[in-house]
Amino acid sequence: MSLPLLQAQSGDNPFRDEPGRSFTMPSRFYLDPEIYEREKDAIFYRSWWFAGHKSQLDKPGRFITTQIHEQSIVITRTTDGALNAFYNVCQHRGHELVSGSGSARLLVCPYHAWSYDLDGKLRNAPNTADMVDFDKCAFSLKSVQVEEFCGFVFVNLDPDALPFREQAGDLEAELRHYCPSIDNMVYAHRHSYDVASNWKVLIDNFLECYHCGVAHKDFVNLVDMKTYQSQTCGIYSSHTSQGASVNSSAFKFEKGDVEFGYAAWFVWPNLTIWVYPGEANVSALQIIPSGPDRTIEHLDWFLPTSEPTKQLKDAMVYMDEVLQPEDIGLCESVQRGLRSKGYNQGRFVIDNDLSELSEHAVHHFQKMVVDALDARLG
Ligand code: FES
Ligand SMILES: [Fe+2]
């Protein structure tokens with residue numbers, strides 16, 4: 001049954017399939033706790049979720065954890081090299097099994113010491129030898145889908161979800177084009193941000209460069225805006241420019257591995273991937289809802305070595321100290337504005353050429369949200 005909030009309300013304007021004729025999603029989609037709750041099952045518990053990088057699971061016994069709303073997931077590398085993912089919960093009385101990341105031969109529950117092999121089988125349960133009808137095989141960890149894609153590790157709680165690679169279409173070819181050495185990247189650094197806005201405000205903001213000339217003077221100095229283009233394609237959109245200035249106010253670089261300019265992608269529902277010009281690099285900015293008006297962002301850098309060179313450090317500092325604060329300031333202001341009684345919806349600004357200023361990729365994302373929630377707004 002649909003929530004009344006997901007139906008058109010009096011005063012709403014239509015959200016349409018055609019971007020140029022559509023209003024944006026009503027404000028309540030960014031504010032209402034019931035819609036926030038609905039997104040968990042409708043979006044996050046059935047979509048591929050970025051969980052980490054293969055370089056964090058490079059040896060047998062390594063494990064990492066990730067949190068998808070209330071669902072904690074552990075990902076392990078077994079001795080035969082296989083990748084496994086499980087709900088991070090002990091099958092005895094439900095204690096969380098492990099936290100953070102690490103290396104272990106067995107996953108041992110801190111409560112009563114049930115221990116599990118890295119492939120999820122219950123290995124030992126103390127004091128159970130006398131028990132009748134107790135079959136250890138029935139108490140394996142509950143597995144979830146896991147997939148490695150260009151070194152990134154994704155999990156999906158929906159057992160029926162199509163493989164990420166299948167859903168992602170040409171994304172792999174595009175990533176390899178812009179970052180040919182992507183298979184050799186290793187995890188280097190994480191920056192985190194606690195943002196006072198709904199997660200979708202941050203995604204909307206990523207998806208258009210209408211604001212770049214106004215709000216990002218160093219970014220428009222770095223990339224060739226005349227060739228900046230957004231293209232939407234299934235579960236992702238790409239945002240590229242075919243040139244970049246080596247001497248920009250953002251950071252300086254010698255023409256290197258990434259000579260073409262700049263590329264970034266949005267991957268449904270909450271991941272953005274970036275390749276900056278200069279020496280080989282790729283970064284993942286994951287936008288993690290932590291409340292209707294609160295979001296945690298993790299920005300993870302993957303580089304040829306875990307210690308960045310001077311040039312890569314400059315790019316990282318630009319992103320952390322300039323671009324991210326600029327965008328976060330915009331998004332927190334939008335969140336405050338969405339609470340105003342003086343605003344409910346705007347229009348997507350679309351031009352015929354789908355130029356660097358066009359907001360078609362924002363509509364592409366919002367339509368995915370509307371469809372996933374089965375909202376009737378039109
Ligand atoms: S809850 Fe894990 S061993 Fe008891
Ligand atoms: Fe921005």
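Across the interface of domain 1 and domain 2, three residue pairs are in polar contact, both residues at pLDDT 80 or more. A polar contact here is a pair of N or O atoms within 3.5 Å; within protein, one must be able to donate a hydrogen and the other to accept it, and residues adjacent in sequence count only if both atoms are side-chain atoms. Salt bridges (a side-chain nitrogen of Lys or Arg within 4 Å of a carboxyl oxygen of Asp or Glu) number zero between the two domains.

This is a predicted model, where local features need pLDDT of at least 70, side-chain atom pairs count only at pLDDT 80 or more, and totals for chains, interfaces and linings use all residues. Residues are numbered from 1 along each chain as its sequence is written, and side-chain values use heavy atoms, with hydrogens and water left out.

The domain bounds come from an automatic or database domain assignment. Contact means heavy atoms within 4.5 Å.

| Domain | Residue range | Residues in the contact |
|---|---|---|
| domain 1 | 49-160 | 11 residues |
| domain 2 | 167-372 | 20 residues |

The C-alpha centres of the two domains lie 32 Å apart. About 1300 Å² is buried between them, and carbon and sulfur atoms give 71% of that area. Buried area is the accessible area (1.4 Å probe) that two parts lose on being put together, summed over both. F50, C150 and F152 supply 41% of what domain 1 buries against domain 2, more than any other three residues.

On the side of domain 1 that touches domain 2, β1 (49-53) and β10 (152-156) each supply at least two residues. Strands are DSSP runs (E, at least two residues), numbered from the N terminus. The largest share, three residues, comes from β1.

Key:
Chains lettered and ligands numbered in written order. Helix = DSSP H or I, 4+ residues; strand = E, 2+ residues; numbered from the N terminus.
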